[in-house]
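Grab a pencil and work through these short exercises. Try each one yourself before you read the solution.

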Amino acid sequence: MAKEYIEMTDIEYVVDEQEKKNVYVPGMAKDMLIGGRDSGNVFIFCLNDELRKSIAAKVAEKLGRKYVVVTRKDGNPVLEELAVGDNQIVSLPRGAAKSEKIRKLLKDNGKVIFIMCDFMTLLASSDGSDDAREQISLMLNRFEPSFMEAAHHIVRSDQSEDEILQDVLDKIAI
């Protein structure tokens, strides 16, 4: 087998702005900014309501942003109003991710974080009864696919609360 030599050619680029350090191409800005616009909003979903509220409150405190808790009875008009706001950490109820329109609105106006709870973690926070097992299974099947579709980032809940908080903060910084 004969050796083949390939001549390497350097490519020279002529740049009009000699001092320019960064170059952006069409579409790159949106790729760099998850959420579509630099709103400072973070929307948090989790099947464990207490964990979601606790993490959202701590994130808001750490980042110095407004903390908002949306309840189930608030409905879509409140979600639509919050989505166009700025610099807020929003704790969202389970049902908020069911609507495709709301999922898109949230994704386009901030970062969506899903704190994913596995069956055993949810069971440990319940009374462990057969009814609780059935309810947890139904919740996972009903809400988790919507959360997954809405989320920019997923954080596991099988960590300490401090680790979850740090993971959420790391994801927000991406």
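**Exercise 1.** Is Cys 46 buried or exposed?

*Solution.* Keep in mind that this is a predicted model. Start with the relative accessible area of Cys 46, which is 0%. The cut-off for buried is under 20%, so Cys 46 counts as buried.

**Exercise 2.** Work out which way the side chains of strand S1 (residues 42–46) point.

*Solution.* Step one: recall that side chains in a regular strand alternate between the two faces of the sheet. Step two: sort the residues. Val 42, Ile 44 and Cys 46 go one way, while Phe 43 and Phe 45 go the other. Step three: check burial. Five of the five residues are buried, so S1 is largely enclosed by the rest of the structure.

**Exercise 3.** Find the strands that pair with S1.

*Solution.* Take strand S3 (residues 88–91): S1 pairs with S3 in the parallel sense, over three bridges. Here Phe 43 has Val 90 as its bridge partner. Now take strand S4 (residues 111–116): this pairing with S1 is parallel too, with five bridges. Cys 46 is matched with Ile 115 in S4.

**Exercise 4.** Explain why Cys 46 and Cys 117 don't form a disulfide.

*Solution.* First, get the distance: the sulfur of Cys 46 lies 3.5 Å from that of Cys 117, its closest cysteine sulfur. Next, compare: a disulfide needs the sulfurs within 2.5 Å, so this pair is too far apart for a bond. Cys 117 is therefore in no disulfide, and the count for the model comes to zero. Finally, look at burial: Cys 117 is buried too, at 2% relative accessibility.

Conventions. Residues numbered from 1 in each chain as written. Predicted model: local features only at pLDDT ≥ 70, side-chain atom pairs only at ≥ 80, totals over all residues. Heavy atoms only, no water. Buried < 20%, exposed > 50% of the residue type's maximum accessible area, 1.4 Å probe, protein only. Helix = DSSP H or I, 4+ residues; strand = E, 2+ residues; numbered from the N terminus. Pairing = 2+ DSSP bridges.
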